[in-house]
Amino acid sequence: MSLKCRGIWFPRYVDHVSVWEIPAHVPIMDQILSRLDMDERFRCMRVPAARPVPGLEEDVRRGLLVRPRSLPPKYFYDERGSALFDRICDTPEYYPTRTEDALLAACAGQVIARARPDHIIELGSGASRKTGHLLTALDRAGLDGCQYWPFDVCEPMLRQAAARLMAAHAGLRVNALVGDYLGGLSGMPRPGGRRLFVFLGSTVGNFEPAEAVGFLRELAALMDSGDSLLLGADRVKSPAVLEAAYNDAEGVTAAFNLNLLEVLNRELDSDFMPDAFMHRALYNAVDQRIEMYLISRVRQMVHLSRLGEHLELDAGESILTEISRKFTPETLEAMLGEAGLESVARFEPENGYFSLVHARLSRRSRVRPL
Ligand code: SAH
Ligand code: TRP
């Protein structure tokens with residue numbers, strides 16, 4: 001099965017099972033009816049990019065062949081990288097996933113009661129696992145007409161998540177949106193009614209500050225006064241806790257980072273030797289962000305055959321592969337403010353490790369002329 005979706009490596013939860021597979025013990029007529037019902041409740045649409053997005057070759061030329069060296073994080077997710085990412089989420093050191101999951105379980109009822117959405121639109125939905133809490137809260141509130149719009153770059157995974165959610169939530173309609181959100185959001189459908197946008201996993205922290213504000217502005221531009229945004233963001237905390245989360249003892253994050261070189265080798269016909277590099281994640285307290293690097297252990301030359309280029313690396317030279325920004329309540333609010341948004345509620349655990357912010361258009365933005 002192809003592992004490339006619209007130029008981005010991805011499929012995390014792809015397997016060879018039909019997404020509509022129903023256990024064998026279910027009688028055949030029920031299987032047919034169930035499948036018809038699911039087909040009826042599911043649609044899949046492609047979101048056209050509003051602006052061109054660079055591909056791997058261009059990103060390598062712009063980021064890797066110049067100093068300081070860097071690569072965008074979207075190339076991490078080939079089949080192996082995706083499986084490793086899942087394992088990172090389960091490592092004892094990586095607290096964000098389980099912290100956000102518990103927060104969402106606790107606050108979903110309040111968020112749904114305030115938002116009363118007709119549509120839930122989730123950006124970078126992945127397997128939509130945490131979203132289940134919102135759908136359960138909808139069921140409990142009797143808002144069962146609400147439709148779910150997961151947006152991700154990988155169609156097979158969207159289909160699989162949709163099948164799982166439709167099986168768990170009777171009557172749920174899922175409109176899967178396939179696209180690259182870096183290409184802009186203006187091509188997204190704009191269903192009528194109240195909309196709750198959802199952006200979890202502190203994925204907003206993987207953007208540079210200006211990129212994050214730009215992205216949130218694009219979201220705000222899609223919002224009307226009754227709409228809201230639920231944003232998950234990781235918080236500034238002890239550097240030891242932060243660095244441990246990105247340097248797990250078992251070495252899963254290291255394997256995930258080094259796997260990027262295997263992706264480059266396969267895609268660009270290059271000859272990186274992963275053993276000649278090491279993984280390092282450091283907390284930069286000035287910029288309040290984790291920086292993840294691949295560091296060359298030796299002086300070496302790498303050939304990028306498909307590009308007709310080569311790369312000379314000194315011993316100790318680093319390639320920045322990911323940033324993960326950490327927020328305070330103030331920096332979070334400032335970021336939202338720059339995008340024309342303001343929080344109406346913030347949910348966080350007692351230790352302040354993670355925030356879920358429920359935000360809406362700020363008053364100023366709500367009165368702006370159309
Ligand atoms: N929201 C989930 C997954 C976070 S991982 C969670 O909190 O666990 C980030 C997700 O964003 C992945 O599912 C990935 O496929 C998706 N993604 C990454 N870059 C993307 C892009 N440019 N456009 C659309 N989706 C993207
Ligand atoms: N949004 C997640 C984060 O910044 C992505 C992530 C988790 C990640 N673990 C990682 C990215 C390890 C690279 C390496 O925490």
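A residue is called buried if 20 or more other C-beta atoms lie within 10 Å of its own, exposed if 12 or fewer, and partly exposed in between, with C-beta atoms placed from the backbone. By that count, 40% of the 370 residues of the protein are buried.

Before you click, note that this is a predicted model, in which local features need pLDDT of at least 70, side-chain atom pairs count only at pLDDT 80 or more, and totals for chains, interfaces and linings use all residues. Residues are numbered from 1 along each chain as its sequence is written, while chains are lettered from A and ligands numbered from 1 in the order in which they are written.

**Stop 1: the whole protein.** Switch on the cartoon and you should find 11 helices and 16 strands. Helices (H or I, at least four residues) and strands (E, at least two) are DSSP runs, numbered from the N terminus.

**Stop 2: the open sheet.** Select β4 (69–70), β14 (318–325), β11 (289–296) and β10 (277–284). These four strands form an open sheet in the order β4-β14-β11-β10, with mixed pairing; two strands pair if DSSP finds at least two bridges between them. β4 and β10 stand at the edges with a single partner strand each, so one side of each has no neighbour in the sheet. β11 and β14 pair in the antiparallel sense over seven bridges, and L294 has I319 in β14 as its bridge partner. Now add α9 (252–268). This helix packs on the sheet, touching β10, β11 and β14 (contact means C-beta atoms, placed from the backbone, within 7 Å).

**Stop 3: a hairpin.** Move to β12 (residues 300–304) and β13 (residues 309–313), an antiparallel pair with five bridges. M301 stands opposite E312 in β13. Four residues lie between the strands, and G308 takes a positive phi near 65 degrees.

**Stop 4: helix α6.** Select residues 155–168 and check the length from end to end. The 14 residues should span 20 Å at 1.5 Å a residue (multiplied by one less than the number of residues), and the end C-alpha atoms are 20 Å apart, which agrees. Colour its buried residues, among them M157, L158, R159 and L165.

**Stop 5: the ligands.** Which residues come nearest to ligand 1? Of the 15 around ligand 1, they are G124, G126, V153, Y181 and G201; a residue is near if its C-beta atom, placed from the backbone, lies within 6 Å. Around ligand 2 there are 13 residues, with I88, S202, T203, E322 and S324 coming nearest. α9 and β14 are the elements that give two or more residues to the shell around ligand 2.

Methods. Contact = placed C-beta atoms within 7 Å. Axes fitted to C-alpha atoms, helices over the stretch in contact; angles between N-to-C directions.
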